[in-house]
Amino acid sequence: MPGSESHDPVRTWAESGIPFLTGRPDGPPLIPGGTAAATARHLTDWMREATRGSVDLDGARLLAERAALSGYQRSGSITLGGSGRLLPAADGWVAVNCARPDDPPLLGALVGRDVGGDPWPAVEDWVATHSRVELDERATLLGVAAAGVATDGGVAALSRSALRPHGAPRSVEGMLVVDFSALWAGPLCAHLLGLAGAQVVKVETPQRPDGARRGNDAFYRLLHGGHDSVVLDPAVPAERRVLHRLVEAADIVIEASRPRALRGFGLEAADFVAAGTTWISITASGRDSDRIGFGDDVAASAGLVASDDAGLMFVGDAIADPLSGLTAAALAMCAADDGVLWDISMRATAAATVGGPVPPRAYRHGERWMVDTESGPAALVAPTPRATTSDAPPSGHDTTTVLSRLGIMS
């Protein structure tokens, strides 16, 4: 979207669809603070120029497209998918997510009691009498997606480690991308590289298929359409060797888990980077941290939240995921003379968009919600997804074809 208005933070929020996903269920849509939507649009503008139009998307609109496909509505201090909560602690606010089937017993261990089928009453009681630091320490130890919401000073410290594309872009057309990631951030990165002409191979193991396959089918097809799907079992020596050879053949590798996961397969990022590979590592808080997190709780812990008189609320739908995926794709398109490891912290990426003046309030004008911006009134646009144009292959569908094409034998 050309013109001087395209990166006006408030106008870009209005055009992103995110305000319709932010606020109380019975309240008005809220304009978040900060520059997340403008940053997302800037990244796709950069990619449009870098790819000479092959990536022709509005990053601001990408932030809300999963919600649009899923029919989500704003739900205040509860994540749109229902798995997470923002809760008042003894010294501020915390974000807690219960997104995995084995999370309820972990939350029971966090609070030191049996939580039964509904962990939230016990979690709310425990959080109310404990500090954010206490929650952070226990969550890290137990592998729970939970963290204290950063204060202004914490946001500034986090944002200093955020990455942005720089230098001359490079063409990724024809490059081999091996994508180990799951859910949203990494697959969005792979999707954008695929639009730019890269050959994307999604790699899963029999034990850990992408959990997004069980989610919204249209959204999964949107991100994975046109990619190849390979399944290899690193517990089988012959398949482990094939996995190594596949990574050796890659120009770009995407991982979106703690480094120890691929190290367990014998894949050490530094070895491949030394050989010239671009390695995209997306984690909750950086490779040196053992924290886990998902898009909603990570964004909130970075300070990317909305508020009203009743307290804090989530901004949009897992917004740290698409922000990080967009950032990762742009970094992968940055020219490098040798291999490079991009250590992308989702928390730092979100924190770098936080700050600035208090956002204005939306108001009704006839049937429309409007907001006043620096460049004049702007209508709030509802979340709208792109059309799904191709199918995503079933898990493992292309294993034999890909390995044959690349000349990789067991």
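Colleague: Before we look around, what does "buried" mean here?

Modeller: A residue is buried when its relative accessible area is under 20%. Keep in mind that this is a predicted model. Both tryptophan 184 and phenylalanine 219 fall in the buried class.

Colleague: What makes tryptophan 184 and phenylalanine 219 an edge-to-face pair?

Modeller: Their ring centres are 5.3 Å apart, and a pair needs centres within 6.5 Å. The planes stand at 85°, and over 60 degrees counts as edge-to-face, so the name fits.

Colleague: Where in the chain do the two partners of this pair sit?

Modeller: Tryptophan 184 is in the loop between strand 4 (176-179) and helix 9 (185-195), while phenylalanine 219 belongs to helix 10 (residues 217-224). The two are 35 residues apart, so the pair links distant parts of the chain.

Colleague: How many aromatic pairs does the structure hold?

Modeller: There are two. Phenylalanine 272 and tryptophan 279 form a pair with 5.8 Å from centre to centre and 25° between the planes. Planes under 30 degrees apart count as stacked, and this pair is indeed stacked. Phenylalanine 272 and tryptophan 279 are both buried, too.

Colleague: Why is cysteine 98 called buried?

Modeller: Its relative accessible area is 15%, and the limit is under 20%. Cysteine 334 passes the test as well, with 3%.

Colleague: How do you know that cysteine 334 is in no disulfide?

Modeller: A disulfide needs two cysteine sulfur atoms within 2.5 Å. For cysteine 334, the nearest cysteine sulfur is that of cysteine 189, 11 Å away. By this rule, the structure has zero disulfides.

Colleague: Which residues have the most contacts inside the largest nonpolar core?

Modeller: They are Met47, Leu193, Ile252, Ile280 and Ile319, in a core of 76 residues. Helix 15 (residues 320-332) gives the most to this core, with eight residues. Leaving aside neighbours within four places in sequence, the contacts of leucine 193 include Val172, Ile252, Ala329 and Met333. A second, separate core has 22 residues, among them Leu176 and Val242.

Colleague: How do you know that the radius of gyration agrees with a compact globule?

Modeller: With 410 residues, a compact globule would come near 22 Å, and the protein has 21 Å, so the two agree. The C-alpha trace spans about 60 × 55 × 35 Å along its principal axes.

Colleague: And what share of the 410 residues counts as buried?

Modeller: That share is 55%. The protein has 17 helices and 14 strands.

How values were computed
Residues numbered from 1 in each chain as written. Predicted model: local features only at pLDDT ≥ 70, side-chain atom pairs only at ≥ 80, totals over all residues. Heavy atoms only, no water. Buried < 20%, exposed > 50% of the residue type's maximum accessible area, 1.4 Å probe, protein only. Core = buried A, V, L, I, M, F, W, Y, C linked by side-chain atoms within 4.5 Å. Helix = DSSP H or I, 4+ residues; strand = E, 2+ residues; numbered from the N terminus. Contact = heavy atoms within 4.5 Å. Phe/Tyr/Trp six-rings, centres within 6.5 Å; stacked < 30°, edge-to-face > 60°. Rg over C-alpha atoms; globule rule 2.2 N^0.38 Å.
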